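Student: I should like to take a close look at a single part of this structure. Please explain it to a newcomer.

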Amino acid sequence: MINTGKLAGLTVFITGASRGIGKAIALKVAKDGANVVVAAKTAHPHPKLAGTIYTTCEEVEAAGGKSLPCIVDVRDEQQVRKAVQEAVQKFGGIDIVVNNASAISLTPTPATDMKRYDLMHNINTRGTFLVSKECYPYLQKSAHAHILNVSPPLSMKPIWFKDHVAYTMAKYGMSMCVLGMHEEFRADNIGVNALWPKTGVYTAAMEMLTGPESAKYNRKPEIMADAAYAILTSDPKTTTGNFFIDEQVLRDRGVTDFDQYCIDPAYKDQLIPDGFVDENISEMENRSSDRPSLATPKIQGDGRIVNVFKAIEQNLSAEAVQKTQAIFQFVVTGDEDGKWFVDLKNGKGACGRGDAPSPPDATLTMDTNNFFSMFTGSLKPASAFMTGKLKISGNMQKAMNLDTLMSSLKAKL
């Protein structure tokens with residue numbers, strides 16, 4: 001998608017722009033000579049995730065645009081308002097808003113704690129509404145005003161709800177902003193649209209969900225950036241109220257070479273079909289079992305307890321299931337309280353947040369510090385039980401069989 005210069009001198013306010021799709025869109029519009037407001041939380045380098053608002057701004061300037069780094073948590077009304085004011089003060093207004101910031105947790109209802117639920121809804125739905133609301137007075141004054149939400153088409157098919165209803169609700173909230181605001185702002189000539197990928201796009205979120213080995217089954221963020229550019233350079237008076245899919249946008253603009261967007265073109269026919277796209281349903285239902293899937297997310301988050309279960313997840317195997325033949329429920333109290341389960345009875349094993357999917361053979365209750373000590377080897381299960389640090393209900397013998405699993409984790413924690 002060749003740049004045309006149509007966005008030269010326009011100010012583009014992008015949330016979540018320090019990495020991934022947001023950053024790719026920032027660099028694309030920068031090539032036109034746009035003013036780019038990089039609004040994101042990451043001001044200091046993250047130990048696991050590359051990119052900050054400042055490094056992105058450096059790349060924006062190198063690409064030919066002007067930049068403004070703004071530390072913004074879209075949940076914080078004051079931070080959003082301050083960033084909008086700084087953008088107007090520096091560039092004279094705001095012409096385009098890209099609501100890209102988002103939180104994801106593909107967890108079923110029992111495994112979704114309310115902190116994670118609130119996080120997704122406060123960032124995805126509320127954050128999108130807030131940023132759009134604060135930018136609206138300046139978009140009214142623009143001759144080329146757009147709001148673009150990185151959110152899916154509104155399909156009511158149960159398949160998009162049944163595995164992660166909390167996330168779907170939060171993401172659809174962004175799309176409902178499109179549905180409402182495009183008509184609400186029509187008289188102001190503000191185009192309001194949504195854009196969503198047809199296939200997996202390899203970002204930090206995708207790596208978290210499917211692992212680094214899944215990269216080859218994804219496309220690059222640049223496909224979303226090119227599609228966003230096509231939308232944002234369109235006439236906002238006539239391009240509004242659409243739920244665009246990246247590939248179709250580009251095909252409609254004459255793009256035929258999609259190999260350029262593949263992480264590994266050798267896997268162009270094995271790309272992960274993204275969720276919320278109805279035409280992907282049959283492919284998702286029939287995909288090969290050795291292909292990464294968004295329907296089977298990995299454990300997400302940070303913290304000592306989370307890291308223990310990430311390590312357990314990596315050690316699950318049919319052999320471990322055969323040896324153990326038990327389902328364990330863990331109730332962790334203290335600093336990192338919550339419920340977790342480990343299924344070493346079925347298939348190749350499973351683990352995750354919340355209640356066990358089947359009745360557990362044993363339920364183990366202990367506080368955060370003792371739990372971590374037990375799984376890192378400094379506290380033996382038998383000793384923990386005898387001293388009252390570990391409470392067990394159910395099959396005691398099965399519970400003590402966890403010692404073998406704990407031994408295999410010592411070097412990984």
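Why does cysteine 135 count as buried?

Tutor: The model is predicted, so local features need pLDDT of at least 70 and side-chain atom pairs pLDDT 80 or more, while totals for chains, interfaces and linings use all residues. Residues are numbered from 1 along each chain as its sequence is written, and side-chain values use heavy atoms, without hydrogens or water.

Cysteine 135 counts as buried because its relative accessibility is 0% (buried is under 20% relative accessible area, exposed over 50%, partly exposed in between, with a 1.4 Å probe and protein chains only). Cysteine 262, at 3%, counts as buried too. The count of disulfides (cysteine sulfur pairs within 2.5 Å) is 0. Cysteine 135 is accordingly in none, and the nearest cysteine sulfur, that of cysteine 70, lies 10 Å away.

The sheet may be described next. Its 7 strands (DSSP runs of E, at least two residues; helices are runs of H or I, at least four) form an open sheet in the order S3-S2-S1-S4-S5-S6-S7, with parallel pairing (a pair needs at least two DSSP bridges). Strands S3 (66-71) and S7 (243-245) stand at the edges with a single partner strand each, so one side of each has no neighbour in the sheet. The average twist from one strand to the next is 20°. Strands S1 (residues 11-15) and S4 (residues 96-99) run parallel and are joined by 3 bridges; isoleucine 14 has valine 98 in S4 as its bridge partner. Helix H1 (residues 20-30) packs on the sheet and touches S1, S2 and S4 (contact means heavy atoms within 4.5 Å).

How values were computed. Axes are lines fitted to C-alpha atoms, for helices over the stretch in contact, and angles run from 0 to 180 degrees between N-to-C directions.
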